[in-house]
Amino acid sequence: MGFSGSIADGLTAGAMSCAVQAVQLLGDGDLLFVGVMEMVVAILVSFTARVMNSVNGHIFCYSAISSSGVVLILPGFLVLQGSLELASKNYITGSTKIVYAIVYSLILGFSLTLGSDLAFLAQPGFRAQRDAMADDITSNVALLGQFAPFNTTILSPLNGTFIITQGINPELPIPKYHYIMQGCYRDPGWNTLFQPIPWYWLFLLAPLFILCLCCLNGQGLRGWRVWVMVLIGCCSFASNKVGNMYIFDSGDIVSALGATVVGILVSIYGHWSPGDALPSMMPGILVLLPVIITFHFDDFENEYSNTH
């Protein structure tokens with residue numbers, strides 16, 4: 001839903017997320033075991049996503065499956081808690097949590113990249129396909145001849161060798177290789193399961209996902225507070241979607257816009273309701289963090305891949 005995946009991508013990522021949660025339950029509070037196993041599971045998630053992406057015409061999207069598969073172990077709550085502590089001038093504890101979250105995110109991003117590289121090592125044909133495609137779409141064509149005008153343009157004829165370089169629009173798909181530089185390739189002739197989820201399904205899936213986030217963080221279903229949390233989370237998600245329509249390649253700015261919406265709504269809610277309004281903002285912030293952190297995951301993976 002948040003990574004432009006298809007229904008098949010969502011089902012695959014859901015199964016992998018269940019495996020991640022099973023590891024956390026098996027750890028039962030053992031931070032060392034959970035920390036190591038989360039990295040191992042992230043490698044396995046990325047490995048499986050790359051294998052599924054590389055077979056059968058790239059009908060599965062690697063970025064959507066790998067990002068969605070590990071979204072539940074992103075340090076979202078830790079970033080939120082550290083930010084609030086910094087805002088309340090608890091600099092030591094707040095900065096410690098922020099630094100830990102950044103390092104954890106970098107290690108998690110490296111684990112995803114490592115899993116992808118292990119898939120290429122296990123099946124060299126996958127790497128050969130990508131190399132052949134890269135050589136083809138970046139190849140130059142050399143033509144020997146003369147360039148002369150055929151109309152009234154006054155131009156001296158040019159003689160020599162003309163080198164033509166193919167230009168690539170990162171937003172346009174390359175049907176020959178079932179590939180697109182930004183996003184997931186979707187062939188119009190594929191089954192509905194492998195097509196992007198229609199936008200109107202977000203009216204059902206977004207509240208359902210935010211409700212699951214509320215339950216995952218310990219909020220009960222009884223009472224009206226959970227529905228306020230869902231409403232604030234939906235407003236946050238909607239502002240993020242609208243921001244992405246007008247602000248391109250700036251996930252941090254778009255997420256800041258969503259966080260501003262959450263802060264305004266929570267302030268209004270806390271002013272007119274009894275009790276603490278802080279828990280009501282958590283789903284609205286957590287729904288933003290996967291997008292921005294995964295945005296930096298992609299940058300880290302591209303830099304790592306370019307250097308190897």
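Contact here means heavy atoms within 4.5 Å. Keep that in mind as you walk through this predicted model.

**Stop one: helix H7.** Select residues 202–216, which form H7. This helix has 15 residues, and from its first C-alpha to its last it reaches 20 Å, close to the 21 Å expected at 1.5 Å a residue. Now show the side chains of Ala206, Ile210, Leu211, Leu213 and Cys214, the buried residues of H7. They lie on the same side of the helix because they cover an arc of only 155° around its axis. As general background, an α-helix has 3.6 residues a turn, so residues three or four places apart point the same way.

What do the buried residues of H7 pack against? Add H8 and helix H10 (278–286) to your selection, and you have both partners. Before leaving, click on glycine 218, just after H7, where phi is positive at about 95°.

**Stop two: helix H8.** Select residues 225–246 next. H8 has 22 residues and reaches 32 Å between its first and last C-alpha, close to the expected 32 Å. Its buried residues include Val226, Met229, Ile232, Gly233, Phe237, Asn240 and Gly243.

**Stop three: the largest nonpolar core.** Try selecting Phe60, Val70, Ile73, Leu108 and Phe194, the residues with the most contacts inside this core of 24 residues. Then colour the elements that give two or more residues to the core: helices H1 (7–27), H2 (31–54), H3 (62–69) and H5 (91–122). Finish on H2, which gives the most, with six residues.

Technical notes
Residues are numbered from 1 along each chain as its sequence is written. This is a predicted model: local features need pLDDT of at least 70, side-chain atom pairs count only at pLDDT 80 or more; totals for chains, interfaces and linings use all residues. Side-chain values use heavy atoms; hydrogens and water are left out. Helices (H or I, at least four residues) and strands (E, at least two) are DSSP runs, numbered from the N terminus. The expected span of a helix is 1.5 Å times one less than its number of residues. Buried means under 20% relative accessible area, exposed over 50%, partly exposed in between (1.4 Å probe, protein chains only). A nonpolar core is a set of buried Ala, Val, Leu, Ile, Met, Phe, Trp, Tyr and Cys residues joined through side-chain atoms within 4.5 Å. The arc is that of the directions from the helix axis to the C-beta atoms.
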